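Let's take a friendly tour of the spaces inside a protein, and of what can sit in them. Have the sequence and the 3D view ready.

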Amino acid sequence: MNIFQLLAQSARTFAERPAVCLGEKTFCTYAGLHDRSAALAAGLRARGVPPGGRVVIYMGNRAEYIEMLFGIWAAGCVAVPVNAKLHPSEVDYVLANSGAELLFTDQPAAMASYAGTVGVESPDYAALIAAPAPFTPAVAAPEDPAWIFYTSGTTGRPKGAVLTHRNLWAMTLSFLADICPVTEASAALHPAPLSHAAGLFALPFVRRGAVNVVPASGGFDPGELVALLHRFPRASFFTAPTMLNRLVACPALDDRAMSGIDLVFCGGAPIYVEDLRHALKLLGPRIWIGYGQGEAPCTISYLPPHLLGPDTPEALLGSVGIARSGVAVRVVDETGTDCPPDVLGEVIVAGDVVMAGYWQNSEATASALRDGWLWTGDIGSFDAQRVLTLKDRSKDVIISGGSNIYPREVEEVLLRHPGVTETNVIGRPHPDWGEEVIAFVVADPGVTAEALDRFCLDRIARFKRPKDYRFVPSLPKSSYGKILKTELRRMLAETEPTPQ
Ligand code: AMP
């Protein structure tokens, strides 16, 4: 069943409701969104893009994004959204790897060399979207690819997680089961890239005839988001943890804006307990923490907001909650045997949200998908109530003197220091210990390595504390706001150890 049906249904039942707004202005109604998407699909067919053909969207958040997704699906094609912040050479890789037929972009100059480039502001796009003859959407089997999600590539080359129509249906229906009661009065705001989780979160809002709002800036500007919250009271939006921190620090965030928030979907990277407490103090039970992967969108587990409050125990705040509806989650050892409560292992996942595999990469697929289970590469444990806590990515665990050290645990401690704004911990090769712990820290002036060392000694085992601190003005981040440990490792390799 083609996921385009979500829009077809809403065009029938919510025809005159606004479907997409650009800033505060309506860009199109549901009838309009349907017709524009159908026209785009007809245009793709007329250009000879075959069903199953990949169409890359390399574009910031724009009002046209949603019609492109639905147009591509209506034509039976596969959307390949990539982050607008990628370098053109990285997009070249995605174009070649996915074997794309066409590229939609708002940066045509950057992609002039690619034969199938259509600039969103070009007459070419206007022609594609011109009024169609009556159009019949393509039939799609549940297993047909709908979206190829390129992993953010924090290690090596990005891989394309193939998400099928079944995956997108499962994700949409379980959103309505677990997350929030969307109605036609709701709004989804999109300060976060539509090429990532925000784009997927848009789908249940389409089904319910709610409006999807793209900020006029096309991105995240806390002041602009506050203004949109005034205009769209019943709003929900996705943020990475770094965005949530910036939003709660925004002086313009007043009571009116806060009371306009239905839910903030926060995920994609760990949110630290201190930051979450702070956000909860301001926003109350309006924060929905989800743990997911491009390989299993939009989430695997979640922390129900009604369980979060000022007195929530630290263990729950630091967890990623319980399994989502229709998702089976286990924590296993290397042999695939379930770990008892509180014992760490790899998180594996099954259910209709798990990807079909990696695009044309059977080796990576065979290693990630085994006997119907997705091996996430995340290390975690269940408690006796089946609440899942993540420690780290398996490849990020530091092994020092034979003991495992989970960077996140050390980072949580450092972040409790009032002078520390951001931190990330990695391992550095050490001749005796195998690895030693090094902390990169963004801190107020005057915070010293000695002070942080004392702070750690009071709070964690000696062997876990950083042996060296690197004070930096900011941490390197991916285009989705994830801290790039690979880049930190490179920075470390390029510098001499600080004399002890
Ligand atoms: P991506 O596929 O780029 O969205 O990255 C997914 C990875 O981000 C997961 O495998 C986790 O390592 C991490 N991640 C996502 N959500 C969370 C969360 N709520 N807490 C901790 N880590 C997370």
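## Hidden spaces

How many cavities of 30 Å³ or more does a search of the whole structure find? The search finds two. Before we visit them, note that this is a predicted model, in which local features need pLDDT of at least 70 and side-chain atom pairs count only at pLDDT 80 or more, while totals for chains, interfaces and linings use all residues. Residues are numbered from 1 along each chain as its sequence is written, and side-chain values use heavy atoms, with hydrogens and water left out.

Rolling a probe the size of a water molecule over the atoms shows where empty space is left. On a 1 Å grid over the protein atoms alone, a cavity is a set of points where a 1.4 Å probe fits but cannot get out; a pocket is an open set with protein on both sides within 12 Å along at least five of seven lines, and lining residues have an atom within 4 Å of a point. Points are joined across faces, edges and corners, and a volume is the space filled by probe spheres set on them.

## The two cavities

The largest cavity has a volume of about 60 Å³. Among the residues that line this cavity are Met171, Phe201, Pro297, Cys298 and Arg324. Two elements, α6 (165-178) and β14 (296-303), give two or more residues to this lining. Helices (H or I, at least four residues) and strands (E, at least two) are DSSP runs, numbered from the N terminus. By class, the lining has eight nonpolar, two polar and one charged residues. Here Ala, Val, Leu, Ile, Met, Phe, Trp, Tyr, Cys and Pro count as nonpolar, Asp, Glu, Lys and Arg as charged, and the others, Gly among them, as polar.

The second largest cavity has a volume of about 40 Å³. Its lining includes His190, Phe201, Phe237 and Phe265, and the largest share, three residues, comes from β11. There are seven nonpolar and two polar residues in this lining, and no charged ones.

## An open pocket

Now for the second largest pocket, with a volume of about 510 Å³. It is lined by 31 residues, and Lys85, Pro193, Met243, Ser479 and Tyr480 lie nearest its centre. Helix α9 (residues 241-248) gives the largest share, three residues.

Which domains supply at least three residues each to this lining? They are domain 1 (4-382) and domain 2 (397-495), with bounds from an automatic or database domain assignment.

## Around the ligand

The ligand is surrounded by 16 residues, the closest being Gly290, Gly294, Asp378, Arg393 and Lys482. A residue counts as near if one of its heavy atoms lies within 4 Å. Strand β13 gives the most to this shell, with four residues. The shell divides into five nonpolar, seven polar and four charged residues.

Side-chain N or O atoms also approach oxygen atoms of the ligand: the distance is 3.0 Å for Gln293, 3.0 Å for Arg393 and 2.9 Å for Lys482.

## Two backbone details

Most residues other than glycine have a negative phi, and most peptide bonds are trans. The peptide bond from Pro297 to Cys298, however, is cis, with omega near -15°. Cys298 sits in strand β14, and both Pro297 and Cys298 help to line the largest cavity.

Asp342 has a positive phi, near 70°. You can find Asp342 in the loop between β16 (327-332) and β17 (345-351).

Key: Polar contact = N/O pair within 3.5 Å; in protein donor to acceptor, adjacent residues only side chain to side chain.
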